[in-house]
Amino acid sequence: MVRVLAVSSGGGHWQQMRLLSHALGNVDIEYACSAHVGDLKVHRLPDCNMRTPMQLVVGMLAAWRLVYRVRPDVVISTGAAPGALALIIAKLLGHRTIWIDSIANAEQMSLSGRLTRRFSDLWMTQWEGVAEETGAVFAGSVL
């Protein structure tokens, strides 16, 4: 069975990940999120962004430990920075990766999305116009 590590930030990123996970079929899926998300067993990652450089370092180390411990076949992320860090580290460790940019980014690919492009085996957007401009794959939206 394929082992998937699904990583996202809280809020809308998490909601999109949960909606998306129902479409993954019969896989062994583990979740990681930077927010408390209720009863579901979820690995916790520190929240971080470009304005919190020390938290980015902490987040990078936490993401490395998580990917190393879970040893997924595929890492999938809907963003933002914690998901991007996990995806980049997963690729550097030889795992397959999928980036799906948040539906909130209707005009352009997010910063995290742009940073993950070279580390993604499948690099996707939820907007047809963004796909045309960036070369990302468009296959519809999660919501």
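**Exercises on a predicted fold**

Let's start with Arg 71, which sits in the loop between H2 and E4. Here helices (H or I, at least four residues) and strands (E, at least two) are DSSP runs, numbered from the N terminus. The model is predicted, so local features need pLDDT of at least 70 and side-chain atom pairs count only at pLDDT 80 or more, while totals for chains, interfaces and linings use all residues. Residues are numbered from 1 along each chain as its sequence is written, and side-chain values use heavy atoms, leaving out hydrogens and water.

**Exercise 1. Find what is unusual about the backbone at Arg 71, then decide whether Arg 71 is buried, partly exposed or exposed.**

Step 1: check phi. Arg 71 has a positive phi of about 50 degrees, although this residue is not a glycine.

Step 2: check accessibility. Buried means under 20% relative accessible area, exposed means over 50%, and partly exposed is in between (1.4 Å probe, protein chains only). Arg 71 comes out at 49%, so it counts as partly exposed.

**Exercise 2. Look at the peptide bond from Gly 79 to Ala 80: is it cis or trans?**

Step 1: read omega. It is near -5 degrees, and the bond is cis.

Step 2: place the residue. Ala 80 belongs to the loop between strand E4 (74-79) and H3.

**Exercise 3. Describe how H2 and H3 pack.**

Step 1: get the geometry. Helix H2 (residues 53-70) and helix H3 (residues 81-92) pack at an angle of about 50 degrees, and their axes are 9 Å apart. The axes are lines fitted to C-alpha atoms, for helices over the stretch in contact, and angles run from 0 to 180 degrees between N-to-C directions.

Step 2: name the arrangement. Under 35 degrees is roughly parallel, over 145 roughly antiparallel, 65 to 115 roughly perpendicular, and the rest oblique. H2 and H3 are therefore oblique to each other.

Step 3: list who touches whom, where contact means heavy atoms within 4.5 Å. From H2 come Leu 56, Gly 59, Met 60, Ala 63, Trp 64 and Val 67, and from H3 come Ala 81, Leu 85, Ala 86, Ile 89 and Ala 90.

Step 4: sort by class. Ala, Val, Leu, Ile, Met, Phe, Trp, Tyr, Cys and Pro count as nonpolar, Asp, Glu, Lys and Arg as charged, and the others, Gly among them, as polar. That gives 10 nonpolar, 1 polar and no charged residues in the contact of H2 with H3.

**Exercise 4. Find the residues that touch the most other members of the largest nonpolar core.**

Step 1: know the term. A nonpolar core is a set of buried Ala, Val, Leu, Ile, Met, Phe, Trp, Tyr and Cys residues joined through side-chain atoms within 4.5 Å.

Step 2: pick out the best-connected members. The largest core has 17 residues, and Leu 5, Val 7, Ala 32, Leu 45 and Leu 66 touch the most others.

Step 3: see which elements contribute. Strand E1 (3-8), H2 and H3 each give two or more residues to this core, and H2 has the largest share, with 6 residues.

Step 4: look further. Another core, of 11 residues, lies apart from this one, and its members include Met 17, Tyr 31, Val 74 and Ile 100.

Step 5: zoom in on Leu 66. Not counting residues up to four places away in sequence, Leu 66 touches Leu 5, Ala 32, His 43 and Leu 45.

**Exercise 5. Work out the surroundings of Gln 16 and of Met 50.**

Step 1: place them. Gln 16 is in helix H1 (residues 12-21), while Met 50 is in the loop between E3 and H2.

Step 2: compare accessibility. Gln 16 has 3% relative accessibility and so counts as buried, whereas Met 50 is exposed, at 59%.

Step 3: list contacts, leaving aside neighbours within four places in sequence. Gln 16 is in contact with Thr 78, Asp 101, Ser 102, Ile 103, Gln 126, Val 142 and Leu 143. Met 50 is in contact with Leu 56 and Leu 111.

Step 4: add Ser 141. The C-alpha atoms of Ser 141 and Gln 16 are 9.4 Å apart, with the two positions 125 residues apart in sequence number. Ser 141 lies in the segment after strand E7 (137-138).
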